Amino acid sequence: MSVRYLWLILVALLMSGAALSQQSGGQVCVRAFEDRNANSLQDGGEPPITRGISATLANSENIIIDTRLMEDAPTAAQGTLCFQRLDPGQYTVRVLSADYTATTETAFVSAVSATGIPQVFDYGGQVLAAAAPTSEATGPDFTLTP
């Protein structure tokens, strides 16, 4: 074997090891759904929430280490947002939304292991009703003069 061939094999092995180490670690995921009947369970016909949800991840010392938006998640179409490659330990996930009223817990505490098996928490929300405009139209509080 040539030195060049051995070098290519070594580089390939190092790259595959780096890829494996980047994919290892624990995971915590939030699965969000529109809880139309407010029973805290995802029933048939209740769609995933694909935007308007944010989640923060805090470590065991309650220091926020990451924040994610649902619409930026690769799995947003399924209503799932994940924090990956986490070191083993205890984490807290808090879910916030300006568009939904929570029908489930909004804070989840999880012990994460290095196995890569995700801890999945369900977040149910109901769409916030927009305030209806009043029927009385009022003009500006000022007058323009030439």
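**Entry 1: T103**

I began with T103 and asked whether this residue is buried or exposed. At 17% relative accessibility T103 falls under the 20% limit, so I entered it as buried. The model I am reading is a predicted one. I then looked up the place of T103 and found it in the loop between strand 6 (100–102) and strand 7. With residues up to four places away in sequence left out, T103 touches D35, A38, S40, G124, G125 and Q126.

**Entry 2: A38 and N62**

One of the residues that T103 touches is A38, and I turned to it next. A38 lies in the loop between strand 1 and strand 2. Its relative accessibility is 41%, which lies between the two limits of 20% and 50%, so A38 counts as partly exposed. I also looked up the backbone of A38: phi is near 55°, a positive value in a residue other than glycine.

I noted a positive phi for N62 as well, about 65°, although N62 is not a glycine. The loop that holds N62 runs between strand 2 and strand 3.

**Entry 3: the chain as a whole**

I next asked how many helices and strands the chain has. I found 1 helix and 8 strands. Read from the N terminus, the order of the elements is α-β-β-β-β-β-β-β-β. The chain has 146 residues, of which 29% count as buried. For contacts with a separation of 6 or more, I recorded that 58% join residues 24 or more positions apart.

**Entry 4: the disulfide**

I searched the whole structure for disulfides and obtained 1. It is formed by C29 and C82, whose sulfur atoms are 2.0 Å apart. The partners belong to distant parts of the chain: C29 is in strand 1 (residues 26–34) and C82 is in strand 4 (residues 80–86), 53 residues apart. As a reminder to myself, a disulfide is a covalent bond between the sulfur atoms of two cysteines.

Which hand does the disulfide of C29 and C82 have? The torsion about the S-S bond is about 110°, so I entered the disulfide as right-handed. I checked the accessibility of the pair too, and both C29 and C82 are buried.

**Entry 5: L81**

Strand 4 also holds L81. I looked up its accessibility, and at 2% L81 counts as buried. Residues that L81 touches, apart from those up to four places away in sequence, are V28, C29, V30, A55, R68, L69, M70, A73 and T75. I then took the C-alpha distance from L81 to A32, which is 8.3 Å for two residues 49 apart in sequence.

**Entry 6: the largest pocket**

I asked which residues line the largest pocket. They are R68, L69, D72, A73, P74, T75, T80, L81, C82, Q84 and R85. The volume of this pocket is about 210 Å³. Strand 3 (64–69) and strand 4 each supply at least two lining residues, and strand 4 gives the largest share, with 5 residues. By character I sorted the lining into 5 nonpolar, 3 polar and 3 charged residues.

I compared this list with the earlier entries: C82 of the disulfide is part of the lining, and so is L81.

**Entry 7: the largest nonpolar core**

The largest nonpolar core has 21 residues. Within it, I53, F83, L86, V93, V95 and Y123 touch the most other members. I listed the elements that give two or more residues to this core: strand 1, strand 2 (54–58), strand 4, strand 5 (89–96), strand 7 (107–112) and strand 8 (118–127).

From that group I followed L86. Leaving aside neighbours within four places in sequence, L86 is in contact with G25, G26, Q27, V28, L57, Y91 and V112.

**Entry 8: R51**

My last residue was R51, in the loop between strand 1 and strand 2. Is R51 buried or exposed? Its relative accessible area is 52%, over the limit of 50%, so R51 is exposed. Not counting residues up to four places away in sequence, R51 touches M70, E71 and Y100. I also recorded its separation from S97: the two C-alpha atoms are 9.3 Å apart, while the residues are 46 apart along the chain.

How values were computed
Residues numbered from 1 in each chain as written. Predicted model: local features only at pLDDT ≥ 70, side-chain atom pairs only at ≥ 80, totals over all residues. Heavy atoms only, no water. Disulfide = S-S within 2.5 Å. Helix = DSSP H or I, 4+ residues; strand = E, 2+ residues; numbered from the N terminus. Buried < 20%, exposed > 50% of the residue type's maximum accessible area, 1.4 Å probe, protein only. 1 Å grid on protein atoms, 1.4 Å probe; cavity = no way out; pocket = protein on both sides within 12 Å on 5 of 7 lines; lining within 4 Å. Points joined across faces, edges and corners; volume = space filled by probe spheres on them. Nonpolar A, V, L, I, M, F, W, Y, C, P; charged D, E, K, R; others polar. Core = buried A, V, L, I, M, F, W, Y, C linked by side-chain atoms within 4.5 Å. Contact = heavy atoms within 4.5 Å.
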